[in-house]
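Reader: I have a new model open on my screen and would like to walk through it with you. Could we take it one question at a time?

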Amino acid sequence: MRKVVKGLVIALAAIIGLLIVAFVLLFFTGRSRFNKTYEVAVSPITLPSDEAALARGEHLVSAVAHCAYCHGEGLAGDIVEEGAPQGLIVAPNLTGGAGGIGAEYAAEDWVRTLRHGVLPQGRSTFVMPSTSFSQMSEDDLLAMTAYLQTIPALDNELPQTSPGPLFYLLLGAGPMTEAQAATRIDHEAPFSPAPQEGETAEYGEYLVTIAQCAGCHGPELAGGRACGNCPPGPNLTPGGELQGWTQDDFVTALRTGTTPTGRQLSEFMPWRYFRNMTGAELAAIWAYLQAQPARETARP
């Protein structure tokens, strides 16, 4: 009996030892991935300064790309996540005020960050949807960049993102790697022109991409989840939530946050920004969603 107990103790100690080694390896792998740097050359850029381009940039920032959802009112920055296990995740102040990056970023820095997901110091962005912005046309990306350089300066000094142990473990294990945009972007790919603006499925697909809908609704828009404790994004194909809806129902839901059945959309859904899209843009998105195959709802 004594030998059996001793054997069990040794086996348990071995298992614990292996777990400790695994956690240590994952931790340092995650930290290495977070600190990895990328070299992305951006050619000198001349930004547009005409009123039409700046208006287009403002519309993209405030409605389609909904930058304030993470970066807060006036784009002065905000705390995205805060807690001991996962650490501190900060969406920086984008203005030129105290604590902001606006006064420091050249046009090339904005483009490298937005399109390539690479910060000026070479690290990948984290959580920021650069994989979606990398699909923007050159005109739209430069219009957005030009507008960001004109926003009012607001003082808001925030701490830097400081990952915690859980963050590094998840990044080392794999689940968090998709949040690092620079690892998933083809940095050599040329700009693609945007489809002609109109109430078409083609233009709707472009808007759905840069509005990051797949982040919550899944890669096929058949349902998904942005994070483990985030509410599920419903199936947006004709086989899901939108069955029986009309285009007017869809537009009303995004304008008011209320579905045809009276259900209130989750505040996690950025409908308060999407309601500022034009009627033509919402019609284009509707056309694109209706053109999708009717898929069964994916279970995230």
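Reader: At what angle do helix 8 and helix 12 pack?

Author: Happy to start there, and please keep in mind that this is a predicted model. The axes of helix 8 and helix 12 lie 7 Å apart. Angles of 65 to 115 degrees count as roughly perpendicular, and helix 8 and helix 12 are therefore roughly perpendicular to each other. Their packing angle is about 100 degrees.

Reader: Which residues of helix 12 does helix 8 meet?

Author: Helix 8 brings Ala201, Tyr203, Gly204, Glu205, Leu207 and Val208 to this contact. By class, the contact has eight nonpolar, one polar and two charged residues. On the helix 12 side, the residues met are Glu281, Ala284, Ile285, Ala287 and Tyr288.

Reader: Which residues have the most contacts inside the largest nonpolar core?

Author: That core has 51 residues. Among the elements giving two or more residues to it are helix 2 (51-64), helix 4, helix 6, helix 8 and helix 12. Another core, of seven residues, lies apart from it and includes Phe126 and Tyr168. Inside the largest core, the residues with the most contacts are Met144, Leu148, Phe250, Met277 and Leu289.

Reader: What is methionine 277 in contact with, leaving aside its neighbours within four places in sequence?

Author: Methionine 277 is a good one to click on, being among the residues with the most contacts in the largest core. With those sequence neighbours left aside, its contacts are His59, Ala63, Val64, Ala211, Arg255, Leu282 and Ile285.

Reader: How many residues of helix 4 are buried, and which helices do they pack against?

Author: Helix 4 covers residues 107-116 and is mostly covered, with nine of its 10 residues buried. Those buried residues include Trp110, Val111 and Leu114, along with Asp109, Arg112 and Arg115. Just after the helix comes glycine 117, with a positive phi near 70 degrees. So that you have both parts of the reply: buried means under 20% relative accessible area. The count is nine of 10, and the packing partners are helix 5 (130-133) and helix 6 (138-148).

Reader: Which residues stand opposite leucine 88 of strand 2?

Author: Strand 2 (residues 87-91) is mostly covered, as five of its five residues are buried. Five bridges join strand 2 to strand 1 (residues 78-83), and these two run antiparallel. Two bridges join strand 2 to strand 3 (residues 162-163), also antiparallel. Opposite leucine 88 stand glutamate 82 and, in strand 3, serine 162.

Note on methods. Residues are numbered from 1 along each chain as its sequence is written. This is a predicted model: local features need pLDDT of at least 70, side-chain atom pairs count only at pLDDT 80 or more; totals for chains, interfaces and linings use all residues. Side-chain values use heavy atoms; hydrogens and water are left out. Buried means under 20% relative accessible area, exposed over 50%, partly exposed in between (1.4 Å probe, protein chains only). Helices (H or I, at least four residues) and strands (E, at least two) are DSSP runs, numbered from the N terminus. Two strands pair if DSSP finds at least two bridges between them. Contact means heavy atoms within 4.5 Å. A nonpolar core is a set of buried Ala, Val, Leu, Ile, Met, Phe, Trp, Tyr and Cys residues joined through side-chain atoms within 4.5 Å. Axes are lines fitted to C-alpha atoms, for helices over the stretch in contact, and angles run from 0 to 180 degrees between N-to-C directions. Angles under 35 degrees count as roughly parallel, over 145 as roughly antiparallel, 65 to 115 as roughly perpendicular and the rest as oblique. Ala, Val, Leu, Ile, Met, Phe, Trp, Tyr, Cys and Pro count as nonpolar, Asp, Glu, Lys and Arg as charged, and the others, Gly among them, as polar.
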